[in-house]
Amino acid sequence: MKLLGYLLWGAIAATAAFCLGGVALIRGEHINSIWLVLAAACTYITAYRFYGRFVAARVMALDDRRATPAERLRNGHDFEPTNKWILLGHHFAAIAGPGPLVGPVLAAQFGYLPGTLWIVIGAVLGGAVQDFVILFASMRRDGKSLGKMAREEIGKVGGFIALVTVLIIMVILLAVVGLVVVNALKGSAWGTFTIAATMPVAIFMGLYLRYWRPGKVLECSAIGFFLVLASIFGGRSVAASANLAPIFTLSAMALAIGIIIYGFLASALPVWLLLAPRDYLSTFVKLGVVFMLAIGILIVRPELQLPPFTRFVDGTGPIFAGKVFPFCFITIACGAVSGFHSLISSGTTPKMIAKEWHAVPVGYGSMLMESFVAIMAMIAACVLQPGVYFAVNSPAGIVGATPAAAAATITNWGFPVTADTMAQLATDVGEKSLFFRTGGAPSLALGMAHIFASTGSGAVIGFWYHFAIMFEALFILTIIDAGTRVGRFMLQDLLSHVAPPLGRMTSMPAVVVTSAMVVAAWGYFLIQGVRDPLGGINSLWPLFGISNQLLAGIALCVATTILLKMHGAKYVWITFAPLVWLVMVTFTAGWQKIFSPLPAVGFLAQADKLAAAGAASAATQTLIFNARLDAAVCGVLMVLVAAILIDSVRVWVGILRGTSDAHVREAPFVISRLQAEEL
Amino acid sequence: MTLLRRVGRLLLATLREIGDENAYRRHLAAHGRQHSGPEWRRFSEERFRAKYARAKCC
């Protein structure tokens, strides 16, 4: 029996190695997506079984006899022992946002190989370790948040910086995901109608749940889902209507203003009316679509059309400028290593773990699942013809303002595409044009539609394209409304120390003023992205990636400090190695984004180039200011994280020399009395 | 068949957890109360206040 086990694990590991080798080494022919699926899946299974369990047993010394906070502090609300598979689903739903879908699509400009390898290796050795160790640390500390752990383990400065960093990241995140929605919906009557229809659907759901059928969340969400599906069909009729189509065909600026107004209303309105029902619906739709995409890829097994490497590894890419190192590694944050996960791992989840060993599937396993979602997004992007992929994702400022000019530029790069091909594709999916649709969402929707339509489901590609757009926009808007609200809470918390009236959560004027301040902050960056002749994603997505991974740096500093206190230097490499890598990547990328002499990469060089052109108009002055502002935001983030790093190193040296407090601040051991039937 | 039923039950329980229906049941049990419209409103207001004070993941 033991021998059979060895043989089985040997076979899985060998398959992982063989497929990864195949993915990395096959040249000159299209490879099937199953290679990527098998390479990723077998690597994850092997890593979970051996590395995840090694960290759990040797490093964390997880002990099921020890009562978790869910048992000790059980209150029927936050603290509640929960079945591990249910908690796995809950945690996965919480960590999987648009990041693992959009990042890989954008990084596919380097070819499928760099992004794929980073997603697989980054998740196994970095992202999953970060999520797991932070979950473990929070679980052993009564479910404390990352900020509180940073304050306790590193110092007061660390805790404050963590809060400010999160607030800045929120602002950048909301702007960039807002821009993704704007670029997906601009000029699209079908898409705009579908998304607009989700607002009354959400309000109907809110009323249904509060007054007509209280507590029936699943029933209400099922009705909401059918109404949203109906709106996709309705959108097709609207797009075909001579009277209605112009009303829903909006410019990027009009959409951006609409999203800003929506964000403000959603932050100020009662949660039950709009935010909560939309959140339920988008979470269920998200899980369903991810599952459908996995099944679709297994049925269709499409061939990858993009090459393993493109010429743009040299930094001249049209989607975002910068070399494969470091920019591939910051473009894909969620799916490989995401600092945001540390907030979830030190939020609800540690309060619901019934047994310590459940942290392995929940903490380590969930991140591997999210990484697999990123692999599927990479496949969806790479099944498109390269010419089509670049035509959709490249801004007019780089490839030329007309379809003919853009097609000629992209064909000259070695990726043949014609204006007629693009026009036919746009007609097939019910759009006027698919050129210059930067942001990743439209190309992901095209790839997903291609896969879904090839399953023999009977539905046409136009339906699937808009289904995918609806799915992406639905949960991105949920992030915008929930994020604005959270940003408002953080701001009120900070302002309560200097202007107490603005800190009152129940005061309507305070809510309105602080909501407006948060919306103005991310709205400014969103408008900046819309006005940017290069599409905005070029500057905002790298900024978001850098900030997200700087947050991962903070989380890994906390994790490293805890491991040092537990074991000295023995196991510190587990979190220290990914931390060193992230510091190298983020600080190189941050430095290049600020100081690179190339205007396409460096914000300051871009501002200087615009200023040197002379006779600057008001619009150019704004572009110059924006480039300098982006440089300043990037610089502030780097300084904040550098401060935490320096503070951490000071603590680590003290622990190793024996001059600093190496006391492990875990809750005391209490024997678990949880019965098997309670799990 | 038994396995399928178990998987189905688990899936439904996960959806109920994500949809806060399980949390509502726990709330009723913990406070010894019966389900009603006002009770759901009381529970959901408290639940949403905590839930939407935390950052959502990207």
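Author: A residue is buried if 20 or more other C-beta atoms lie within 10 Å of its own. In this predicted model, 31% of the 58 residues of chain B count as buried by that test.

Reader: Happy to start with chain B, then. What are its elements, from the N terminus on?

Author: They run α-α-α; that is three helices and zero strands.

Reader: What makes chain B more spread out than a compact globule?

Author: Set the value against the rule: for 58 residues the globule rule gives 10 Å, while the radius of gyration of chain B is 14 Å, so the chain is more spread out than a compact globule. To picture this in your viewer, take the principal axes: the C-alpha atoms fill a box of roughly 40 × 35 × 15 Å.

Reader: Good, now the partner. How many residues of chain A are in contact with chain B?

Author: On the chain A side there are 47, and they touch 29 residues of chain B. Several helices of chain A give two or more residues to this side, including α8 (156-185), α13 (275-300) and α22 (461-495). The largest share comes from α4(A), with seven residues.

Reader: And which classes make up that side of chain A?

Author: It has 27 nonpolar, 16 polar and four charged residues.

Reader: You mentioned α13(A) and α22(A). Why are they called oblique to each other?

Author: Their angle is about 140 degrees, with the axes 9 Å apart. Angles over 145 count as roughly antiparallel and 65 to 115 as roughly perpendicular. The value falls in neither range, and α13(A) and α22(A) are therefore oblique. Their crossing is left-handed.

Reader: Which residues meet there?

Author: From α13(A) come Leu275(A), Arg278(A), Asp279(A), Ser282(A), Val285(A), Lys286(A) and Val289(A). They meet a set in α22(A) that includes Phe471(A), Phe475(A), Asp481(A) and Arg485(A). By class, this contact divides into seven nonpolar, two polar and five charged residues.

Reader: How do you know that α7(A) is oblique to α24(A)?

Author: Same kind of check. Helix α7 (residues 146-153) and helix α24 (residues 537-567) of chain A pack at about 50 degrees, their axes 10 Å apart. Roughly parallel needs an angle under 35 degrees, and roughly perpendicular starts at 65. With a value between those limits, α7(A) is oblique to α24(A). This crossing is left-handed.

Reader: What does α7(A) bring to the contact with α24(A)?

Author: Leu146(A), Met149(A), Ala150(A) and Glu153(A), which meet residues of α24(A), among them Ile554(A), Val558(A) and Thr561(A). Counted by class, the contact has seven nonpolar, one polar and one charged residues.

Conventions
Residues are numbered from 1 along each chain as its sequence is written. Chains are lettered from A and ligands numbered from 1 in the order in which they are written. This is a predicted model: local features need pLDDT of at least 70, side-chain atom pairs count only at pLDDT 80 or more; totals for chains, interfaces and linings use all residues. Two residues are in contact if their C-beta atoms, placed from the backbone, lie within 7 Å. Helices (H or I, at least four residues) and strands (E, at least two) are DSSP runs, numbered from the N terminus. Ala, Val, Leu, Ile, Met, Phe, Trp, Tyr, Cys and Pro count as nonpolar, Asp, Glu, Lys and Arg as charged, and the others, Gly among them, as polar. The radius of gyration is taken over C-alpha atoms; the globule rule is 2.2 Å times the number of residues to the power 0.38. A residue is buried if 20 or more other C-beta atoms lie within 10 Å of its own, exposed if 12 or fewer, and partly exposed in between; C-beta atoms are placed from the backbone. Axes are lines fitted to C-alpha atoms, for helices over the stretch in contact, and angles run from 0 to 180 degrees between N-to-C directions. A crossing is left-handed if the near helix is turned anticlockwise from the far one by less than a right angle, and right-handed if clockwise.
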